[in-house]
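Me: Got a model open here and want to talk through a few spots. Can you take my questions as they come?

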Amino acid sequence: MGKRVVVIGAGIAGLATAALMLREGWDVVVVEKQRSVGGRAGVLEVDGFRFDTGPSWYLMPEAFDEFFRACGTSTERELDLVPLSPAYRVYNEDGAFLDVESGVEEVAHLFESIEPGAGERVRAYLARSSDVYAVALSSFLYTTFSHPTELLTREVLTRLGTLAMLLTRSLDKLVAAQFQDYRLRQVLTYPAVFLSTEPQAAPALYSLMSHTDLVEGVRYPQGGFAAVVAAIARQAEGATFLMGTSVTAIECTDGRTTGVRLDDGRFISAEAVVSAADLRHTETALLPESARTYPESYFARRDPGLGTVLVFLGVRGELPQLEHHTLLFSKDWEPDFRAVYHGPEASRPLGASESIYVSKTSATDPGVAPEGCENLFVLVPVPAEEAFGHGSAYNDTESARVAAIADAAIHQLGTWLGIPDFAERIVVRRTVGPSDFAQRYNAWAGGAVGPAHTLQQSAFFRGRNVSRKLKNLFYAGGTTVPGVGVPMCLISAHNVLTRMREQR
């Protein structure tokens, strides 16, 4: 068509949007604040160690398959995926662990071995999870919610009773009603954290997440998520990239955006603008007040979701106690969630969770660490607070609070895993705090993932992917519909394209 579209942000959503717009014939200009693509899915290299700094779970393969298909290629051609077995390991503070394999029968066998009768119940649970997941793909995710009748598909209408039940109960209550052992409950409810929320606040509809890890299985893209970013970026070749450049304003007149103003004073005119930046930043920092669909008062009523302290560790020697994905869960994890989502918790004085996640990518990818060493990515949930503090990965100084949380996580790993010299074996240590997310990615409240998937912030309650005030301003990424995570960011790019087609 020879028309120009400006895409703000070269994270997953921005790159995917640029790739799809190119195939529609648009002249695409991508403006990115950082000097490398990928956004939160970045890379940190230190002394021979290569760390992914963001996503680490490859789930929802359908979203990747659909994106690459739309670009005229395939996942098989673009990525080297390795199935993980076990899918992940789960520790509690007593040092005992469970290895969780993917596959309905494997999961049923594990559940039955812990709680008699739970095997048959989890088969039924996963059957419904898979069914709801299929409905979500067909009716809820790849949609703009621009017409209410879009939701009235045959798949939805025949499951209204089930969907109503799942929307009016919490994930926590759904699971607790069927399983008694705390370990089984944790395996079925921890995916709420992938959704930037907690099990008691996530609608039971999100039981569909168990389909992704327990039924479809967990894979690892060789090269890490850096390889995923590179594969998506290849599809956007042909776009113009302005790196190390910030958008300071989205300019508009007569109900339309006319383009963007850059930090060097340049103006880039455009027939359309797609902001893949943080939605709150887009609305409250880039738009004039008269053009805001979501004013500051809107965000005052919303939940920004999860904050994190990330700890990147290079460790001398092997760590067989860890699998590629390892989850450390407190037996009683309610204090962990209270500390992160509900304010100060006496038993968690640092304000950080003791239920943490570790990715040992060197278990599968020998290129991420020097020979004889392990590469660890440690994620510690904390409140989303912009002033929480910086880490050492991108700054000369590390806040005392972030450093203390990293120290506590290192001590916890050594204690729970039975490795008394763990701290002494660390040869590389870098951290990232909520203040880094706020500074580098303009993240609302320093959140690491995006707004929480509570009932009030899911599906069409989550917002729109087009401005109400400017008909040619669109939104993509984890802070808008359909939600957080790499697959959702890919889907959001498809939905922007659909919305543009609807307008035309």
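**Cavities first**

Me: Which residues line the second largest cavity?

Reply: Leu279, Tyr298, Phe299, Arg302, Trp444, Pro451, Gln457, Arg462 and Thr479 line the second largest cavity. On a 1 Å grid over the protein atoms alone, a cavity is a set of points where a 1.4 Å probe fits but cannot get out, and a lining residue has an atom within 4 Å of a point. One caveat: this is a predicted model, where local features need pLDDT of at least 70 and side-chain atom pairs count only at pLDDT 80 or more, while totals for chains, interfaces and linings use all residues. Residues are numbered from 1 along each chain as its sequence is written, and side-chain values use heavy atoms, with hydrogens and water left out.

Me: What volume does the second largest cavity have, and what classes are in its lining?

Reply: About 70 Å³, volume being the space filled by probe spheres set on grid points that are joined across faces, edges and corners. The lining of this second largest cavity splits into 5 nonpolar, 2 polar and 2 charged residues. Nonpolar here covers Ala, Val, Leu, Ile, Met, Phe, Trp, Tyr, Cys and Pro, charged covers Asp, Glu, Lys and Arg, and the others, Gly among them, are polar.

Me: How many cavities are there of 30 Å³ or more?

Reply: The count comes to 6. The largest cavity holds about 90 Å³. It is lined by 14 residues, and Asp278, Trp444, Gly450, Pro451 and Thr479 are the closest to its centre. By class, the lining of the largest cavity has 8 nonpolar, 3 polar and 3 charged residues.

Me: OK, pockets. How much space lies in the second largest pocket?

Reply: About 570 Å³. Of its 29 lining residues, Phe140, Leu167, Leu205, Ala459 and Phe460 come closest to the centre of the second largest pocket. A pocket is an open set of points with protein on both sides within 12 Å along at least five of seven lines.

Me: Which helix gives the most to the lining of the second largest pocket?

Reply: Helix 5, with 6 residues. Helix 5 (118-141) and helix 7 (160-168) each supply at least two residues to the lining of the second largest pocket. The class split for this pocket is 27 nonpolar, 2 polar and no charged residues. Helices (H or I, at least four residues) and strands (E, at least two) are DSSP runs numbered from the N terminus.

Me: At what angle do helix 4 and helix 5 pack?

Reply: About 145 degrees, with the axes of helix 4 (104-114) and helix 5 lying 7 Å apart. Axes are lines fitted to C-alpha atoms, for helices over the stretch in contact, and angles run from 0 to 180 degrees between N-to-C directions. The residues making the contact include Val104, Val107 and Phe111 of helix 4 and Val122, Arg123 and Leu126 of helix 5. By class, the residues of the contact of helix 4 with helix 5 are 7 nonpolar, 1 polar and 4 charged. Contact means heavy atoms within 4.5 Å.

Me: Switching to sheets. In what order do the 5 strands of the open sheet come?

Reply: 9-2-1-13-19, with parallel pairing. Strand 9 (240-243) and strand 19 (473-475) are at the edges with a single partner strand each, so one side of each is left without a neighbour in the sheet. Neighbouring strands of this sheet are turned by 20 degrees against each other on average, direction ignored. Two strands pair if DSSP finds at least two bridges between them.

Me: How many bridges join strand 1 to strand 2?

Reply: 5, between residues 4-8 of strand 1 and 27-32 of strand 2. Val6 stands opposite Val29 in strand 2. Helix 1 (12-23) packs on the sheet, touching strand 1, strand 2, strand 9 and strand 13 (272-275), and its direction makes about 170 degrees with that of strand 2.

Me: And strand 10 with strand 11, parallel or antiparallel?

Reply: Antiparallel, over 6 bridges between strand 10 (247-253) and strand 11 (256-262). Ile250 stands opposite Val260 in strand 11. Their hairpin has 2 residues between the strands, and Asp254 takes a positive phi near 50 degrees there. Strand 11 also forms a hairpin with strand 12, with 4 residues between them, and Gly265 in that turn has a positive phi of about 95 degrees.

Me: Last one: which residues does a cis peptide bond join?

Reply: One joins Ser85 and Pro86, with omega about 0 degrees. Another joins Val481 and Pro482, also with omega about 0 degrees. Pro86 lies in the loop between strand 5 (81-83) and strand 6 (88-91), while Pro482 is in the loop between strand 19 and helix 17 (486-503). Most peptide bonds are trans.
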